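Here is a friendly walk through one protein model, meant to be read with the structure open beside you. Let's take a few places in turn and see what surrounds them.

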Amino acid sequence: MSNLTKNTKLNAWLDEMIALTNPANVVLIDGTDEQAEALRAEACASGELFKLNQEKLPGCYLHRTAVNDVARVENRTFICTTKKEDAGPTNNWMSPKECYDKLTPLFRNSYAGKTMYVIPYSMGVVGSPFAKNGIELTDSIYVVLNMLIMTRVGTAVLDAMGTDGDFIKGLHARATMDENNRYICHFPEDNTIWSVNSGYGGNVLLGKKCFALRIASYLGRNEGWMAEHMLILGIENPEGEVKYVAAAFPSACGKTNLAMLIPPALYAKKGYKVWCVGDDIAWIRKGPDGRLWAANPENGFFGVAPGTNAKSNPNALASTRANTIFTNVVLNEDDNTVWWEGLGEAPENALDWKGQPWNKDSGVKGAHPNSRFTAPAVNCPCISSEFENPAGVPISAIVFGGRRAKLAPLVYQSRSWNHGVFVGSIMASETTAAAAGAVGVVRRDPMAMLPFCGYNMADYWQHWIDIGAGLDEDKAPKIFNVNWFRKDDDGNFLWPGFGDNMRVLEWIIKRCEGKVDAEETAIGFVPKAEDINLEGIEDEVSEDQLKEILSVDNSLWEDEAKGIEEFYAKFGDRLPKALSDELNTLKANLEK
Ligand code: OXD
Ligand code: MN
């Protein structure tokens, strides 16, 4: 048996995986700078990475993926539970046996002549009560270097695992990169993830979507906590009190921008500040004080580059100025820096994301729309002082959102926890470039978890209801829905968004504190127009425009109720009764 580590379970599994993949050698990633630096040098020598201008972008590198490997592949992502019903109607399913049988030949000898990197990593602060450990085996230095940024990696994790501690077993191989044999498979009953024939982040950084959402959501249901596709932010008022909000949006709906929001000048002058605890994933559980606490299990940001600039998100941009890996962006050949659409003037001499000569007149985008930066969280100027707190932060409000051109008002509050779960369950949005497939199609994306829930979505909703039932009403977070994307009849956005979303957050916090009244509508509580502060943006948003964005069109909601009914029907009798009750209440309210 291999004795690479002190953990007997890990050694046994390593033996098995080494026999399967047949690497030329095995390297344990220890988390030291020396080792990482040697790997960077090796990746630069092989062309896997390009070293960027080290004066302007110290510690930064560029990577290009294969052209057919640029996004998560949801149609090739599987939840492999013994019973099909346990994966539910919204997941692709294979039985564990069928999946292992199918993938084993793809992994066999796939590391031949290559190195197996063994990455011990922790989601959450290493060794803390709520952290979970994983091991990712990979044949890609790019994966190692990204995991070093996105998670907490190294021998300290092995120490935390001890001699027989459990871990999530992740196996990744680029193999032949054959897209027809690309699979991202989860075995929640075995704590196992197998990913093959891809090198793109979301498919291969197994700590992120695969573990921290799909496997963790399953673990959370069994252990009484929640793994959510949520940002976490803190809003500090002029008195220095910080209130925390967790928010779920479908991919590429401006989640990273909201997580790092810069308050408008008016608020900044008064002393308001916004702190980022996390931009993508929240692990949430009830704390000893009876409130819900949320922690970000990640250690970095894997953000979408295009559109990130000094106006949309100066904090994200600042986060990428050192020790960052850029994937599929433009290389500015004049000064060996990076560029993407939305960053300002395009470089004269450049290579596009495929490595081809490119300039602004080329007639195609230079950066891939889903090009990314992998940046350390510590780089973020507004990172919360609680970022390293293993307990996380107490949550006052949960916010759901999506892109709805006409339907949902700028913001509304649910009437109760269960109504809030209903509001999350009916989330819908237009698809974006973050996932492979058509762009611009409206799809239901409950709690923004559609591609990330590791079990039957109906059981997941029941879990939400059960969590709420375990909270005292005065301690439970209040639940809201926002829509920054409402459009007028000419297709223009009605709300400025970005930093001005602070105005909506202010109303949300006031509601949590019971400091502001609201209008009750068929769908929930909507602000009175005078309670949304428009000071400083009167030119952009007139009083009438604000009223339009806050309006609820019952006839549109009647159609929506039919759509919800159809969607719910997929879940048969597994649909929680509390949710069909909420749908009936909505229908009754609309008839009134
Ligand atoms: C992401 C996503 O990459 O949600 O975070 O797609
Ligand atoms: Mn995400």
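Which residues does Arg 503 touch, not counting residues up to four places away in sequence? This is a predicted model, and in it Arg 503 is in contact with Pro 264, Leu 266, Tyr 267, Trp 495, Ile 532, Asn 533, Leu 534, Glu 535 and Ile 537. Arg 503 belongs to helix H14, which covers residues 502-512. Its relative accessibility is 2%, so Arg 503 counts as buried, the limit being under 20%. Glu 535, one of the residues touched, also offers a polar partner: its backbone oxygen is 2.8 Å from a polar atom of the Arg 503 side chain.

**The metal and ligand 1**

Next, the manganese ion (ligand 2). Lys 209 (NZ), His 229 (NE2) and Asp 280 (OD) coordinate this ion at 2.1 to 2.2 Å. Along the sequence, these donor residues follow the spacing K-x19-H-x50-D. Lys 209 and Asp 280 connect distant parts of the chain, 71 residues apart. Lys 209 sits in helix H8 (residues 207-223), whereas Asp 280 is in the loop between strand S15 (273-278) and strand S16 (282-286). Lys 209 and Asp 280 are both buried.

Ligand 1 has eight residues around it, and the closest are Arg 72, Lys 209, His 229, Ser 251 and Arg 372. Two of the manganese donors, His 229 and Asp 280, come up again in the table, which lists distances from a polar side-chain atom to an oxygen atom of ligand 1.

| Residue | Distance to an oxygen atom of ligand 1 |
|---|---|
| His 229 | 3.2 Å |
| Asp 280 | 3.3 Å |
| Arg 372 | 3.0 Å |

How much of ligand 1 does the protein bury? On its own, ligand 1 exposes 210 Å², and the protein buries 92% of that.

**Helix H1**

Now to helix H1, residues 8-21. H1 has 14 residues, and the distance from its first C-alpha to its last is 20 Å, close to the 20 Å expected at 1.5 Å a residue. At the start of the helix, a side-chain oxygen of Asn 7 comes within 3.0 Å of the backbone nitrogen of Lys 9. After H1 comes Asn 22, with a positive phi near 60°.

Which residues of H1 are buried? They are Leu 10, Asn 11, Trp 13, Leu 14, Met 17, Leu 20 and Thr 21. These buried residues pack against two helices, H4 (96-107) and H6 (155-161), and against strands S6 (115-123), S7 (132-138), S9 (168-173) and S11 (192-196).

**Two loop residues with positive phi**

Strand S11 leads to another place to look at. Asn 197 lies in the loop between S11 and helix H7 (201-204). Although Asn 197 is not a glycine, its phi is positive, about 75°. Is Asn 197 buried or exposed? At 1% relative accessibility, Asn 197 counts as buried.

Phe 498 also has a positive phi without being a glycine, with a value near 45°. This residue is in the loop between strand S29 (478-482) and H14, and H14 is the helix that holds Arg 503. Phe 498 has a relative accessibility of 43%, so this residue counts as partly exposed.

Notes. Residues numbered from 1 in each chain as written. Chains lettered and ligands numbered in written order. Predicted model: local features only at pLDDT ≥ 70, side-chain atom pairs only at ≥ 80, totals over all residues. Heavy atoms only, no water. Helix = DSSP H or I, 4+ residues; strand = E, 2+ residues; numbered from the N terminus. Buried < 20%, exposed > 50% of the residue type's maximum accessible area, 1.4 Å probe, protein only. Polar contact = N/O pair within 3.5 Å; in protein donor to acceptor, adjacent residues only side chain to side chain. Contact = heavy atoms within 4.5 Å. Donors = N, O, S within 2.8 Å, 3.2 Å for Na, K, Ca; no water. Expected span 1.5 Å × (residues − 1). Near = heavy atom within 4 Å. Areas by Shrake-Rupley, 256 points an atom, 1.4 Å probe, with all protein chains shown as cover.
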